[in-house]
Amino acid sequence: MVGSLQELAVLMRKLKAGDHKVLVFTQMSKMLDILENFLTLHGHTYLRLDGSTKPEERQGLPMSFVSR
């Protein structure tokens, strides 16, 4: 897993430098927790949409992602 996160760090830096957005899908909440820590550590902004997201927030999050 460490090698994968190192590769992700390099890729994210390149994409951020090019002003790109990244969308990551996973079915595991634990993986989202790990990614959330990773993104925070590396100073990336992110939106998290999972089973604990309130229904009224679910509608606006994808639009918020697109408009950033």
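# A walk through a three-helix model

Histidine 44 is buried, because its relative accessible area is 12% and a residue counts as buried when that value is under 20%. This residue is found in the loop between α2 and α3. Setting aside neighbours within four places in sequence, histidine 44 is in contact with Met12, Lys16 and Leu39. Histidine 44 is a useful starting point for looking at the rest of the chain.

The model is predicted, and a first step is to see how confident the predictor was. The average pLDDT of the protein is 88, and 100% of the residues score at least 70. Confidence is not even along the chain: it is highest in helix α2, residues 29-41, with a mean of 94. It is lowest in helix α3, residues 55-67, where the mean is 80.

The overall plan comes next. There are 3 helices and 0 strands in the protein, and reading along the sequence gives the pattern α-α-α. The C-alpha trace spans about 35 × 25 × 15 Å along its principal axes. The accessible surface comes to about 5500 Å², and carbon and sulfur atoms hold 59% of that surface. Of the 68 residues in the protein, buried ones make up 15%. Contacts can also be sorted by how far apart the partners are in sequence. Among the contacts with a separation of 6 or more, 43% are between residues 24 or more positions apart.

The loop between α2 and α3, where histidine 44 is found, also holds aspartate 50. Is aspartate 50 buried or exposed? Aspartate 50 is buried, because its relative accessible area is 14% and the cut-off for buried is under 20%. Not counting residues up to four places away in sequence, aspartate 50 touches Leu32 and Arg58.

The loop between α1 and α2 can be read in a similar way. Aspartate 19 is in this loop. Aspartate 19 has a relative accessible area of 70%, so it is exposed, since exposed means over 50%. Its backbone has a notable feature: aspartate 19 has a positive phi of about 60 degrees although it is not a glycine.

Valine 22 also has its place in the loop between α1 and α2. At 29% relative accessibility, valine 22 counts as partly exposed, because that class lies between the 20% limit for buried and the 50% limit for exposed. With neighbours within four places in sequence left aside, the contacts of valine 22 are Met12, Leu15 and Phe65. Met12 is also among the contacts of histidine 44. Valine 22 and serine 4 are 18 residues apart along the chain, and their C-alpha atoms are separated by 16 Å.

Phenylalanine 25 lies in the loop between α1 and α2 as well. Its relative accessibility is 71%, so phenylalanine 25 counts as exposed. From C-alpha to C-alpha, phenylalanine 25 and leucine 49 are 9.6 Å apart in space, while in sequence they are 24 residues apart.

Another pair can be read in the same two ways, by sequence and by space. Serine 67 has its place in helix α3, and it counts as exposed because its relative accessibility is 61%. Serine 67 and leucine 5 are 62 residues apart in sequence, and the distance between their C-alpha atoms is 27 Å.

The last stop is the largest pocket. Its volume is about 940 Å³. Which residues lie nearest the centre of this pocket? They are Val22, Leu23, Tyr46, Leu47 and Phe65, out of a lining of 28 residues. The elements that give two or more residues to this lining are α1 (2-17), α2 and α3. By type, the lining residues divide into 17 nonpolar, 4 polar and 7 charged. Valine 22 therefore appears twice in this account: it is partly exposed, at 29% relative accessibility, and it is one of the residues nearest the centre of the largest pocket. Phe65, one of the contacts of valine 22, is also among the residues nearest the centre.

Definitions and conventions:
Residues numbered from 1 in each chain as written. Predicted model: local features only at pLDDT ≥ 70, side-chain atom pairs only at ≥ 80, totals over all residues. Heavy atoms only, no water. pLDDT = per-residue confidence, 0-100. Helix = DSSP H or I, 4+ residues; strand = E, 2+ residues; numbered from the N terminus. 1 Å grid on protein atoms, 1.4 Å probe; cavity = no way out; pocket = protein on both sides within 12 Å on 5 of 7 lines; lining within 4 Å. Points joined across faces, edges and corners; volume = space filled by probe spheres on them. Nonpolar A, V, L, I, M, F, W, Y, C, P; charged D, E, K, R; others polar. Buried < 20%, exposed > 50% of the residue type's maximum accessible area, 1.4 Å probe, protein only. Contact = heavy atoms within 4.5 Å. Areas by Shrake-Rupley, 256 points an atom, 1.4 Å probe, with all protein chains shown as cover.
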